[in-house]
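Visitor: I would like a close look at a single part of this structure, taken slowly and with the residues named. Please show me the model before we begin.

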Amino acid sequence: MVNQSSPVGFLLLGFSEHPRLEKILFVVVLCSYLLTLLGNTLILLLSTLDPRLHSPMYFFLSNLSFLDLCFTTTCVPQMLVNLWGPTKTISFLGCSVQLFIFLSLGTTECILLTVMAFDRYVAVCQPLHYATIIHPRLCWQLAAVAWMMGLLQAIVQTPPTLRLPFCPHRQIDDFLCEVPSLIRLSCGDTTFNEIQLAVSSVILVVVPLSLILVSYGAIARAVLRINSAEAWKKALGTCSSHLIVVTLFYSSVIAVYLQPKNPYAQERGKFFGLFYAVGTPTLNPLIYTLRNKEVKRAFWRLLGRNGDSKNT
């Protein structure tokens, strides 16, 4: 075993045993990254420049867009280099930084999606008190909690993971420096790290997801008591985009971090990990813009056209 504190780099295997697949994935990842940059930057611009989008919902959405921009920029450039050429190495420092940022932003997104579910719950179930409950100061506080929780999780979990006694081949069977992949690379006792990963997964994945489901359960009960078809349509429009994003994000996170230990699950986890890192940040702005008339109207206003007359 090599000294785990040495600056020796790692080899990110990814799908190196399938060269033709790597070329296809290079094109897919590059296109997805460009769409991520375009879509999330557009949402940030609209949320900032259009006064009609200065509301709690779009404040949290702009936080999500900024997070997705940081998230993909952390991993996609390195991924593209590895997919295109024969060099698939990453330095120890590069792996450390990627792991830290990935943990921090991934945790922040879990908490942020829970906060957005709470915002939707208040909007549907307490519409008359929405402005009183979800006031600007609370929005900033909730966003700060999400970002601080992400930072805390990265500070707690990164050092023990990087102190593992890694095997001499230093080959990470993944696209990224993630905790499960680095634990599998260790040639020593990983009991503490596995317990830490399990506990953090319950606290930061299972608990937030449970709170989201409780919020939507309450929303569903409130909607079922409504007899107006227009109110049903409005409630569905308010929640559907967020619910789709939650489904895509948590299904990929659970597949990556709560997968069983067997070769098939590990290989399948690569695809889910790729979708988690590249797919969801690309789809998020598309889901929120294509299904949201307010965002589309703000886009037309930004172009200098009359957005209020646009209903498509």
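Visitor: At what angle do helix H2 (residues 56–84) and helix H5 (residues 136–162) pack, and how far apart are their axes?

Guide: In this model, which is predicted, helix H2 and helix H5 pack at an angle of about 25°, and their axes lie 10 Å apart. Because angles under 35 degrees count as roughly parallel, that angle makes H2 roughly parallel to H5. The crossing in which H2 passes H5 is right-handed. On the H2 side, the contact is made by Pro56, Phe59, Phe60, Asn63, Phe66 and Leu67, while H5 brings Cys139, Trp140, Leu142, Ala143 and Trp147 to it. Sorted by character, the residues of this contact of H2 with H5 comprise 10 nonpolar and one polar, with no charged residue among them.

H5 also takes part in another feature, the lining of the largest cavity, to which H5, helix H3 (92–125), helix H7 (191–224) and helix H8 (229–257) each give two or more residues. That cavity, which holds about 170 Å³ of space, belongs to a set of four cavities of 30 Å³ or more found in a search of the whole structure. Its lining consists of 16 residues, and those lying nearest the centre of the cavity are Leu103, Thr107, Gln153, Val205 and Tyr257. The lining of the largest cavity divides into 10 nonpolar and six polar residues, and no charged residue is found in it.

Terms used:
Residues are numbered from 1 along each chain as its sequence is written. This is a predicted model: local features need pLDDT of at least 70, side-chain atom pairs count only at pLDDT 80 or more; totals for chains, interfaces and linings use all residues. Side-chain values use heavy atoms; hydrogens and water are left out. Axes are lines fitted to C-alpha atoms, for helices over the stretch in contact, and angles run from 0 to 180 degrees between N-to-C directions. Helices (H or I, at least four residues) and strands (E, at least two) are DSSP runs, numbered from the N terminus. Angles under 35 degrees count as roughly parallel, over 145 as roughly antiparallel, 65 to 115 as roughly perpendicular and the rest as oblique. A crossing is left-handed if the near helix is turned anticlockwise from the far one by less than a right angle, and right-handed if clockwise. Contact means heavy atoms within 4.5 Å. Ala, Val, Leu, Ile, Met, Phe, Trp, Tyr, Cys and Pro count as nonpolar, Asp, Glu, Lys and Arg as charged, and the others, Gly among them, as polar. On a 1 Å grid over the protein atoms alone, a cavity is a set of points where a 1.4 Å probe fits but cannot get out, and a pocket is an open set with protein on both sides within 12 Å along at least five of seven lines; lining residues have an atom within 4 Å of a point. Grid points are joined across faces, edges and corners, and a volume is the space filled by probe spheres set on the points.
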